[in-house]
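Pull up the model and keep the sequence alongside it. We'll take a walk through the fold and its two ligands, a stop at a time.

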Amino acid sequence: MNKGSLIIISGPSGSGKDTVLKRLFIKMPELEFSISSVSRAMREGEVEGEKYNFISREQFEQMINDNALLEYNEYCGNYYGTPKAPVERCIASGGEIILEVDVNGAANVRKNCPDNFSVFIAPPSFEVLRNRLTNRGTETADVIESRLARAKEEMVRAKEYDYVVVNDDLDTAVQELAGIILAERHRVDRNGDILD
Ligand code: ADP
Ligand code: 5GP
């Protein structure tokens with residue numbers, strides 16, 4: 001059995017992570033996605049259990065106390081975290097699981113979990129990022145400003161990642177991300193069985 005992989009994906013809000021990942025899962029349906037627990041309100045169009053389990057702050061704090069999270073962070077006033085059990089199950093069975101987490105979550109996963117690689121999804125420019133967030137129309141002007149301020153801090157930390165994909169043309173970005181995942185599958189240290 002090949003070793004499983006934890007695939008960490010980050011990028012500023014509005015850089016296009018969800019859009020790229022939706023296309024990636026059509027191309028590579030064998031990949032798993034880690035459904036995060038979150039204390040923020042559901043946006044229009046979001047579905048419970050698809051990308052997030054929407055829970056209260058109290059329920060989230062209970063998960064922290066129960067040591068049920070692989071990592072968690074507070075982002076723009078809300079808790080976001082990765083439930084531990086599904087990730088451990090996937091890795092134990094040799095699967096690949098995508099964790100879409102912020103830069104702090106990514107740093108914690110790198111520190112605590114082996115067999116990971118990380119990809120930073122960057123916008124082509126700050127102006128494009130602002131336009132995408134505004135046009136998405138899911139946040140108030142205040143929230144957009146706080147996410148843009150956060151984006152500047154996050155861009156500085158892109159150097160902590162193994163790979164960067166600039167999401168300018170969507171098809172190209174999806175192809176580049178798929179290429180990275182394919183190349184990682186062929187690392188010698190992930191293919192001990194074949195070589196033995
Ligand atoms: P994130 O998940 O990083 O917050 P989204 O996937 O929600 O970002 O994308 C933010 C907005 O930008 C959405 O309205 C989406 O349709 C749009 N978008 C994403 N990728 C592209 C792209 N390559 N070209 C143009 N618009 C894009
Ligand atoms: P959004 O509210 O736009 O869905 O997500 C806001 C930020 O939280 C994004 O940077 C996203 O990557 C991050 N995020 C989503 N799920 C998790 C998680 O489980 N843990 C951490 N640390 N960050 C997350």
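Where does ligand 2 sit? Ligand 2 is in the largest pocket. Keep in mind as you look around that this is a predicted model.

Let's stay with ligand 2 for a moment. It has 18 residues around it, and the closest include Ser36, Tyr52, Tyr80, Glu100 and Arg147. Two strands, β5 (69-75) and β6 (78-83), each put at least two residues into this shell. If you sort the shell by class, you get eight charged residues, six polar ones and four nonpolar ones.

Now look at some of the polar contacts. On the side-chain front, arginine 40 brings a polar atom to 2.7 Å from an oxygen of ligand 2. Glutamate 71 also uses its side chain, with an N or O atom 2.7 Å from a nitrogen atom of the ligand. Glycine 81 works through its backbone instead: a polar atom there is 3.1 Å from an oxygen of ligand 2. How much of ligand 2 does the protein cover? On its own the ligand has 510 Å² of accessible area, and the protein covers 98% of it.

Time to move over to ligand 1. Ligand 1, too, sits in the largest pocket. Its surroundings come to 13 residues, of which Gly14, Lys17, Thr19, Arg136 and Asn167 come nearest. By class, that shell splits into six polar, five charged and two nonpolar residues.

Here are a few contacts to click on. Serine 15 has a polar backbone atom 3.4 Å from an oxygen of ligand 1, and aspartate 18 has a backbone N or O atom 3.0 Å from an oxygen of the ligand. Arginine 136 reaches in with its side chain, placing a polar atom 2.8 Å from a ligand oxygen. Taken alone, ligand 1 exposes 560 Å², and the protein buries 74% of that.

Which elements give two or more residues to the shell around ligand 1? They are α1 (17-27) and α5 (126-136). Of the elements, α1 gives the most, with three residues.

Finally, zoom out to the whole chain. The secondary structure adds up to eight helices and nine strands. Measured out along its principal axes, the C-alpha trace spans about 55 × 40 × 30 Å. What radius of gyration does the protein have? The value is 17 Å, and a compact globule of 196 residues would be near 16 Å, so the two agree.

To pull the ligand picture together: ligand 2 has 98% of its accessible area covered by the protein, while for ligand 1 the buried share is 74%. Strands β5 and β6 feed the shell around ligand 2, whereas helices α1 and α5 feed the shell around ligand 1.

Methods
Residues are numbered from 1 along each chain as its sequence is written. Chains are lettered from A and ligands numbered from 1 in the order in which they are written. This is a predicted model: local features need pLDDT of at least 70, side-chain atom pairs count only at pLDDT 80 or more; totals for chains, interfaces and linings use all residues. Side-chain values use heavy atoms; hydrogens and water are left out. A residue is near a molecule or strand if one of its heavy atoms lies within 4 Å of it. A polar contact is a pair of N or O atoms within 3.5 Å; within protein, one must be able to donate a hydrogen and the other to accept it, and residues adjacent in sequence count only if both atoms are side-chain atoms. Accessible areas come from the Shrake-Rupley method with a 1.4 Å probe; for residues, only the protein chains shown count as cover. On a 1 Å grid over the protein atoms alone, a cavity is a set of points where a 1.4 Å probe fits but cannot get out, and a pocket is an open set with protein on both sides within 12 Å along at least five of seven lines; lining residues have an atom within 4 Å of a point. A molecule sits in a cavity or pocket if more than half of its atoms lie within 2 Å of its grid points. Helices (H or I, at least four residues) and strands (E, at least two) are DSSP runs, numbered from the N terminus. Ala, Val, Leu, Ile, Met, Phe, Trp, Tyr, Cys and Pro count as nonpolar, Asp, Glu, Lys and Arg as charged, and the others, Gly among them, as polar. The radius of gyration is taken over C-alpha atoms; the globule rule is 2.2 Å times the number of residues to the power 0.38.
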